[in-house]
Amino acid sequence: MVEPAELTQKIRAALAPCSLGVWPTPLEPAPGLAAALDVTTLAIKREDRSAPRCGGNKVRGLEFLLAGAAPGTVFVTVGGTGSTHCLATAVHAAALGCRAALALFPQPDTAASRSVAAGCAARAALVVRARLRVTLPWAVLLAWRRARALGPRRWIPGGGAHPRAVVGHLLAGLELGGQLAEPPQAIVVPLGTGGTAAGLGLAVAALEWPTRVVAVRVAPALVANRWRTAALARGAGRLLARHGIALPTAAAPVIADGLGRGYGWPTAAGERARRQAVTQGLVLDPTYGAKALAVVPALAAHGFHRVVFWHTFGVPVPNPEAAP
């Protein structure tokens with residue numbers, strides 16, 4: 001088994017990410033929530049506390065995606081109106097003397113999506129909104145063209161789904177090696193564009209843990225699928241191999257379906273889980289975290305009793321009980 005701190009140091013030295021977050025993020029036991037969800041032990045990986053400016057899991061990837069950019073660079077990216085990736089890109093690009101241009105597609109209105117949308121409007125240099133999802137490609141093209149007037153442009157894929165960003169999530173998984181006395185049986189994470197699940201799969205393989213990554217699909221299967229997650233993990237592995245860092249192949253995640261009516265739409269199971277989490281002082285968003293937590297009770301029936309839940313949402317939401 002690798003020594004997590006040593007491997008982390010090698011990776012950071014090889015790829016030279018910028019510094020945006022505060023690491024490691026806490027791993028907090030949640031016995032009350034574990035009892036409510038019918039698992040033996042539950043620990044919460046608090047990626048929501050990753051950065052004081054704007055937290056969440058996306059900060060991990062942005063340390064690698066924004067690295068080396070000249071001041072004045074305009075990062076162009078895409079997401080929903082409630083995209084924490086878009087908001088984090090805008091906030092952290094500005095902290096580096098850069099700017100963000102966003103192409104946004106509409107998603108259902110919730111307290112969380114409204115909070116994120118307001119943040120994007122306030123922090124991005126340019127926001128182009130598609131009226132319909134089918135017109136998103138035109139909005140992306142328009143954002144790219146308009147961004148040219150603001151400065152030199154750099155493209156970031158939606159959700160930060162790029163091998164360099166996956167390496168950031170690999171480092172997040174390696175942190176668990178120093179935070180847990182024994183491997184968990186499952187790590188539960190929302191599955192959107194797949195970068196976080198891919199990085200965690202690589203970390204589990206590097207640590208030689210028997211842990212399964214349970215990726216809860218919260219976006220359509222065209223975007224959130226096993227093939228794309230595996231491709232991102234392979235890309236990150238090849239990137240590190242070019243720097244002399246060899247990693248074992250990541251096992252495919254276990255895919256659980258939490259999508260419901262569609263991306264961004266709350267589900268009944270997710271809202272039950274969100275209300276249970278609130279009683280334990282944990283604020284989840286209905287698009288990602290609530291849907292992922294909702295699968296935890298079913299894991300015990302499949303033999304998973306020691307669980308780590310990946311809390312990815314880092315944007316304050318006033319009055320979370322107001323979310324529909």
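Student: What volume does the largest pocket have?
Tutor: The structure is a predicted model. Of the 32 residues that line its largest pocket, F105, G158, T193, V223 and Y288 are the closest to the centre. The volume of this largest pocket is about 690 Å³.

Student: Which helices and strands each supply at least two residues of the lining of the largest pocket?
Tutor: The lining of the largest pocket comprises 32 residues. Two strands and three helices each supply at least two of the lining residues. They are strand 3 (74-80), strand 7 (186-191), helix 4 (84-95), helix 6 (136-147) and helix 8 (195-207).

Student: How do the residues of the lining of the largest pocket divide into nonpolar, polar and charged?
Tutor: In this division Gly counts as polar and Tyr as nonpolar. The charged group has four members. The full division of the lining is 14 nonpolar, 14 polar and four charged.

Student: How much space lies in the second largest pocket, and which residues are the closest to its centre?
Tutor: The second largest pocket holds about 330 Å³ of space. Its lining consists of 24 residues. The closest to the centre are G201, A233, T249, A250 and A251.

Student: Which elements give two or more residues to the lining of the second largest pocket?
Tutor: The lining residues of this pocket divide into 16 nonpolar, five polar and three charged. Two helices and one strand give two or more residues to this lining. These elements are helix 8, helix 9 (226-241) and strand 8 (212-217).

Student: Why is the pair of Y263 and Y288 edge-to-face?
Tutor: The count of aromatic pairs in the model is two. The ring centres of Y263 and Y288 are 5.9 Å apart, and centres within 6.5 Å make a pair. Planes over 60 degrees apart count as edge-to-face. The planes of Y263 and Y288 stand at 80°, so the pair is edge-to-face.

Student: How many residues apart in sequence are the parts that the pair of Y263 and Y288 ties together?
Tutor: Y263 belongs to the loop between strand 9 (254-257) and helix 10 (268-279). Y288 belongs to the loop between helix 10 and helix 11 (289-293), so the pair ties together parts of the chain that are separated in sequence. The separation is 25 residues.

Student: Which residue joins Y263 and Y288 in a cluster linked by ring pairs?
Tutor: Y263 and Y288 form an edge-to-face pair. Ring pairs link these two tyrosines with a phenylalanine into a cluster. That residue is F105.

Student: Is Y263 buried or exposed, and how does Y288 count?
Tutor: Buried means under 20% relative accessible area, and partly exposed lies between that value and 50%. Y263 has 9% relative accessibility, so Y263 is buried. Y288 has a relative accessible area of 24%, and therefore Y288 is partly exposed.

Student: Which residues are in contact with Y288, leaving aside neighbours within four places in sequence?
Tutor: The C-alpha atom of Y288 is separated by 25 Å from that of P210, 78 residues apart along the chain. Contact requires heavy atoms within 4.5 Å. The residues that meet this condition with Y288 are P190, G192, V218, Y263 and T312.

Student: Over the ring of which residue does the charged end of R261 sit?
Tutor: For Arg, the criterion requires CZ within 6 Å of the ring centre and within 35 degrees of the ring normal. The charged end of R261 is 3.6 Å from the centre of the ring concerned. That ring is the one of W265.

Student: Which peptide bond is cis, with omega near 0°?
Tutor: The bond leads to P24, a residue in the loop between helix 1 (4-15) and strand 1 (27-29). The cis peptide bond is the one from W23 to P24.

Student: What phi does E208 have, and is this residue buried or exposed?
Tutor: E208 is located in the loop between helix 8 and strand 8. Its phi is positive, about 60°, although E208 is not a glycine. With 58% relative accessibility, over the 50% cut-off, E208 counts as exposed.

Student: Where does A103 lie, and which residues does A103 touch beyond four places away in sequence?
Tutor: A103 is part of strand 4 (residues 99-105). Its relative accessibility is 0%, so A103 counts as buried. The residues that A103 touches are T77, V78, G79, V128, L136, A139, V140 and A143.

How values were computed
Residues are numbered from 1 along each chain as its sequence is written. This is a predicted model: local features need pLDDT of at least 70, side-chain atom pairs count only at pLDDT 80 or more; totals for chains, interfaces and linings use all residues. Side-chain values use heavy atoms; hydrogens and water are left out. On a 1 Å grid over the protein atoms alone, a cavity is a set of points where a 1.4 Å probe fits but cannot get out, and a pocket is an open set with protein on both sides within 12 Å along at least five of seven lines; lining residues have an atom within 4 Å of a point. Grid points are joined across faces, edges and corners, and a volume is the space filled by probe spheres set on the points. Rings of Phe, Tyr and Trp (its six-membered ring) pair if their centres lie within 6.5 Å; planes under 30 degrees apart count as stacked, over 60 as edge-to-face and the rest as tilted. Buried means under 20% relative accessible area, exposed over 50%, partly exposed in between (1.4 Å probe, protein chains only).
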